[in-house]
Amino acid sequence: MKLDILYEDNHIIGVVKPAGILSQSDGSEPEGEDMLSIIGEYLRVKYNKPGKAFVGLVHRLDRNVGGTMFFAKTSKGASRLSDSMRKGTFKKGYFALAEGDIKKKNGVLRNYLYKDERKNIVTDDPKRGKESILVYETVGKIGNYTLVFAIPVTGRTHQIRAQLAFSGHPLADDVKYKGKRVSHGEISFPALWSGVISVKHPTKEEDVIIKSI
């Protein structure tokens with residue numbers, strides 16, 4: 001796979017993850033076909049490393065979601081970026097194509113998402129779920145769909161897909177959450193794209209913006 005690099009310095013590398021590729025191997029795909037392995041090989045070749053190059057996985061994107069993603073190139077970078085996530089200084093913005101006409105131009109969605117590990121699906125379960133907060137703003141209408149820019153305040157599995165579906169507006173092609181199949185061919189992916197990431201740089205007193213929009 002040709003790597004689409006958005007940003008690179010001594011500590012961070014930002015790339016575009018295609019939909020359908022795992023962030024990190026789970027053993028279900030051929031060796032070397034996940035983003036962590038692909039970037040490791042890129043760094044090994046670029047810097048003529050005698051062994052494996054260090055790559056730190058700081059965050060994940062669902063297999064079926066594409067867009068902006070970043071990794072650490074040093075252990076110091078990985079530690080500080082992970083700390084940034086814990087402190088809430090790490091933000092991601094997504095574009096989603098949701099079914100129907102979302103009349104409220106902007107708002108906040110709150111649900112209690114519970115993940116069924118066996119089925120790999122989340123439900124809105126106030127008793128067992130974790131509070132999930134999603135801030136959104138509508139961008140415009142495209143046919144019978146609304147283009148939405150969404151920022152998850154909390155980081156839950158399938159958060160944007162599930163919360164928009166629970167609000168009555170599942171994503172195009174997201175059949176797992178009752179969205180209508182609109183694409184053709186054997187494989188379809190939810191209409192969701194990681195557009196931009198803002199993170200505090202691990203060694204500089206500044207924010208880094210990495211975007212694929």
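Two residues are in contact when their heavy atoms come within 4.5 Å of each other. With that in hand, take the contacts in this protein between residues at least 6 apart in sequence: 60% of them join residues at least 24 apart. What you're looking at is a predicted model, and it has three helices and 11 strands. Here's a tour, starting with the whole chain and then zooming in.

**The whole protein**

- Walk along the sequence and you'll meet the pattern β-β-α-β-β-α-β-β-β-β-β-α-β-β.
- The radius of gyration is 18 Å, close to the 17 Å that the globule rule gives for 213 residues, so the protein is as compact as a globular protein of that length.
- If you boxed up the C-alpha atoms along the principal axes, you'd need a box of roughly 55 × 40 × 35 Å.
- Of the 213 residues, 44% are buried.
- About 11700 Å² of the protein is exposed, and carbon and sulfur atoms supply 51% of that area.
- There are 35 positive and 25 negative charges, and the mean positions of the two sets lie 3 Å apart.

**Strands that pair up: β6, β7 and β8**

- Strand β6 covers residues 106-116 and strand β8 covers residues 130-142; the two run antiparallel and are joined by eight bridges.
- To find one of these bridges yourself, look for Y112, whose partner in β8 is E131.
- β6 also pairs with β7 (residues 121-124), again antiparallel, through four bridges.
- Here you can look for L113, which has D124 as its bridge partner in β7.
- β6 and β7 make a hairpin with four residues between them, and N120 in that turn has a positive phi of about 55°.

**Strands that pair up: β5, β8 and β9**

- β8 pairs with β9 too, in the antiparallel sense and over eight bridges.
- One spot to check is I142, which is bridged to Y145 in β9.
- These two strands form a hairpin with two residues between them, where G143 takes a positive phi near 60°.
- On to β5: six bridges join this strand to β9, and the pair runs antiparallel.
- A98 is a handy landmark here, since T146 is its bridge partner in β9.

**Helix α3 and what covers it**

- Is α3 mostly covered or mostly open? It's mostly covered, with seven of its eight residues buried.
- The buried ones are Q159, I160, R161, A162, Q163, L164 and A165.
- What do those buried residues pack against? They pack against strands β5, β6, β7, β8, β9 and β10.
- Right after α3 comes G168, which has a positive phi near 100°.

**T154, a loop residue**

- T154 sits in the loop between β9 (145-152) and α3 (159-166).
- Is T154 buried or exposed? Its relative accessible area is 16%, so T154 counts as buried, given that the cut-off for buried is under 20%.
- Leaving out neighbours within four places in sequence, T154 touches E131, S132, I133 and Q159.
- Two names there should ring a bell: E131 is the β8 partner of Y112, and Q159 is one of the buried residues of α3.
- T154 also shows how a chain folds back on itself: G88 is 66 residues away in sequence, but the C-alpha atoms of the two are 9.1 Å apart in space.

**Unusual backbone angles: D173 and K178**

- Some background first: most residues other than glycine have a negative phi.
- D173 goes the other way, with a positive phi near 70°.
- K178 does so as well, and its phi is also near 70°.
- Where do you find them? D173 is in the loop between α3 and β10, and K178 is in the loop between α3 and β10 too.
- Which of them is buried, and which is exposed? D173 has a relative accessible area of 8%, so it is buried.
- K178 has a relative accessible area of 72%, so this residue is exposed, as the cut-off for exposed is over 50%.

Technical notes:
Residues numbered from 1 in each chain as written. Predicted model: local features only at pLDDT ≥ 70, side-chain atom pairs only at ≥ 80, totals over all residues. Heavy atoms only, no water. Pairing = 2+ DSSP bridges. Rg over C-alpha atoms; globule rule 2.2 N^0.38 Å. Buried < 20%, exposed > 50% of the residue type's maximum accessible area, 1.4 Å probe, protein only. Areas by Shrake-Rupley, 256 points an atom, 1.4 Å probe, with all protein chains shown as cover. Lys, Arg positive; Asp, Glu negative; His and termini not counted. Charge placed at Lys NZ, Arg CZ, Asp CG, Glu CD.
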